[in-house]
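Got your viewer open and a selection box ready? Load the model and follow along, one selection at a time.

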Amino acid sequence: MRDVAVIGIGMSKWGECWQHSLRDLFVSAALQAIDDCGVSRLDSMYVGCMAPGLFNGQEHIGPLLADYLGVTPIPAVRVESACASGGLAFRQAYMEVAAGFSDIVLAAGVEKMTDVDGEAATYALGTAADQEYESFQGITFPGLYALIARSYMQKYGLTVEDLAAVAVKNHSHGLKNPRAQFQRAITVEEVLQSSLVADPLHLLDCSPITDGAAAVILCPLRKAMKLSKHKPVKVIGSGHATDTIALHARKQLEFFYSSAKAAEKAFQMAEVTPQQIDVVEVHDCFTIAEICALESIGLFEPGQAGKAAAQGITHLGGKLPVNVSGGLKSKGHPVGATGIAQIIEIVEQLRGTAGERQVANAKIGLTHNMGGTAASTVVHILEAC
Ligand code: COA
């Protein structure tokens, strides 16, 4: 197996992009990634996208996007694993380069969610839950995460203020990220006064509906120096795992088994311990998700991450900075693109080019990207060269 590096990164505008289509967003991100490293060809591409059929009435997007980028006839594959589609696209690209099938591979993610109204977007997202046992009974993703939040609160004494502190932290990080959808500070009081979406989760506990794309370019590490002007960032760990889709079939709601298994594999492969991680991007689709994810991947003991944001531990400048990009909460969550954007944030941190968001001396970073209520998780660990 060959060592693999990330050499190019690019992101489209994120937010409500009325004037841009799915393909515009993808091409904008992909061209920036190509320009970032200066490669003159691609050997293949993987694109994470959760539900283009429901959001845009468009399937078969592998060739569509390759054509619009002008790179046909290279192989182009759409990867789907709900909100983990981007992370999984990255893993497929990583494996293809590591296995020696291809040298220069684009891993991208895209979702154009505002082509439909809120009700249709909620329906499209809900198709990633178990239809017969969950969605048909009327529960949505905010409802499912509300159940998880209640379970955690009952077990560990978490308060709504602790949950709100996660949103406040991630919005404060997003203020430092010019690419974030929401660039405004919020307070715990504002979170608690925002509309109740699914008790105990308020509007400001939720990630938003977002249009956006992100793209990175991978190549063998030994070619990275020749191909790119940037310091290469090496992929040292990759893990992917699954769990039941339906929550009722799980032994406990607040511990994400797929996240634990994916992280275990990634840590084993990377030969590093959780204590060696300097900077983390986790899948905070709801404030409770950040807390459960941090515990499930072994960065906090069970019951210990609940107050980490309120205590400043996970803030930029804290002991373990989490979601310094602003996370899904503030940067936005175009579901298929999120996993790739997490990789981009870690690459910028490890290159030392994250500007105001830079974590001092960041050498090793981790991304955690999950689908649905963690029925699938992809974890990657990256290291500065
Ligand atoms: N965070 C911060 N602000 C938000 C927001 C969010 N999550 N969602 C909407 N807003 C803002 C909008 O920008 C708008 O502000 P404005 O009045 O200044 O323009 C205002 O709140 C109302 O927006 P609107 O689009 O009408 O909100 P909504 O009630 O239709 O949707 C949610 C709010 C929380 C229901 C929606 O964002 C949602 O479904 N989020 C979850 C997405 C999800 O499940 N993803 C998959 C995870 S597994």
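What follows is a tour of a predicted model, going from domains to pockets, helix pairs and a few backbone oddities.

**Stop 1: the two domains**

Start by colouring 4-117 plus 209-233 as domain 1, and 137-205 plus 236-384 as domain 2. Notice that each domain is written as two stretches of the chain. If you drop a pseudoatom at the C-alpha centre of domain 1 and another at that of domain 2, the two will sit 23 Å apart. The contact between the domains draws 41 residues from domain 1 and 34 residues from domain 2.

**Stop 2: the largest pocket**

Keep the domain colours on for this one. Where does the largest pocket lie relative to domain 1 and domain 2? Both domains give residues to its lining, so the pocket lies between them. To land in the right spot, select Pro142, Cys206, Ser207, Ile209 and Phe286, which lie nearest the pocket's centre. They belong to a lining of 28 residues, around a volume of about 550 Å³.

Now show α5 (118-126) and α6 (141-156) as cartoons, since you'll want them in view: each supplies at least two residues of this lining. Colour the lining by class and you get 18 nonpolar, 8 polar and 2 charged residues.

**Stop 3: the second largest pocket**

Next, select Pro274, Gln275, Ile277, Gly298, Leu299, Phe300, Glu301, Ile313, Lys319 and Leu320. These residues line the second largest pocket, which holds about 310 Å³ of space. The class split here is 6 nonpolar, 2 polar and 2 charged.

**Stop 4: α4 on α13**

Hide the surfaces and bring up helix α4 (residues 85-98) with helix α13 (residues 338-351). They pack at an angle of about 65 degrees, and their axes are 5 Å apart. That angle makes α4 and α13 roughly perpendicular to each other, therefore a view down one helix should show the other running across. For the contact itself, show sticks for Gly86, Gly87 and Phe90 on the α4 side, and for Gly339, Ile340 and Ile343 on the α13 side. By class, this contact has 3 nonpolar and 3 polar residues, with no charged ones.

**Stop 5: α7 on α11**

Move on to helix α7 (residues 160-174) and helix α11 (residues 287-296). Their axes are 8 Å apart and the packing angle is about 95 degrees, so α7 is roughly perpendicular to α11. Which residues of α7 and α11 meet? From α7, pick Leu163, Val166, Ala167, Lys169 and Asn170; from α11, pick Thr287, Ile288, Glu290 and Ile291. This contact divides into 5 nonpolar, 2 polar and 2 charged residues.

**Stop 6: backbone oddities**

Finish with the backbone torsions. Most residues other than glycine have a negative phi, and most peptide bonds are trans. Here are some exceptions to click on.

- Threonine 72 to proline 73: the peptide bond is cis, with omega about 15 degrees. Proline 73 is in the loop between α3 (61-69) and β3 (76-79).
- Aspartate 199 to proline 200: another cis bond, with omega near 10 degrees. Look for proline 200 in the loop between β5 (196-198) and β6 (201-202).
- Asparagine 323: phi is positive, about 55 degrees, although this residue is not a glycine. Asparagine 323 lies in the loop between α11 and α12 (327-331).

How values were computed:
Residues numbered from 1 in each chain as written. Predicted model: local features only at pLDDT ≥ 70, side-chain atom pairs only at ≥ 80, totals over all residues. Heavy atoms only, no water. 1 Å grid on protein atoms, 1.4 Å probe; cavity = no way out; pocket = protein on both sides within 12 Å on 5 of 7 lines; lining within 4 Å. Points joined across faces, edges and corners; volume = space filled by probe spheres on them. Helix = DSSP H or I, 4+ residues; strand = E, 2+ residues; numbered from the N terminus. Nonpolar A, V, L, I, M, F, W, Y, C, P; charged D, E, K, R; others polar. Domains from an automatic or database assignment. Axes fitted to C-alpha atoms, helices over the stretch in contact; angles between N-to-C directions. Parallel < 35°, antiparallel > 145°, perpendicular 65-115°, else oblique. Contact = heavy atoms within 4.5 Å.
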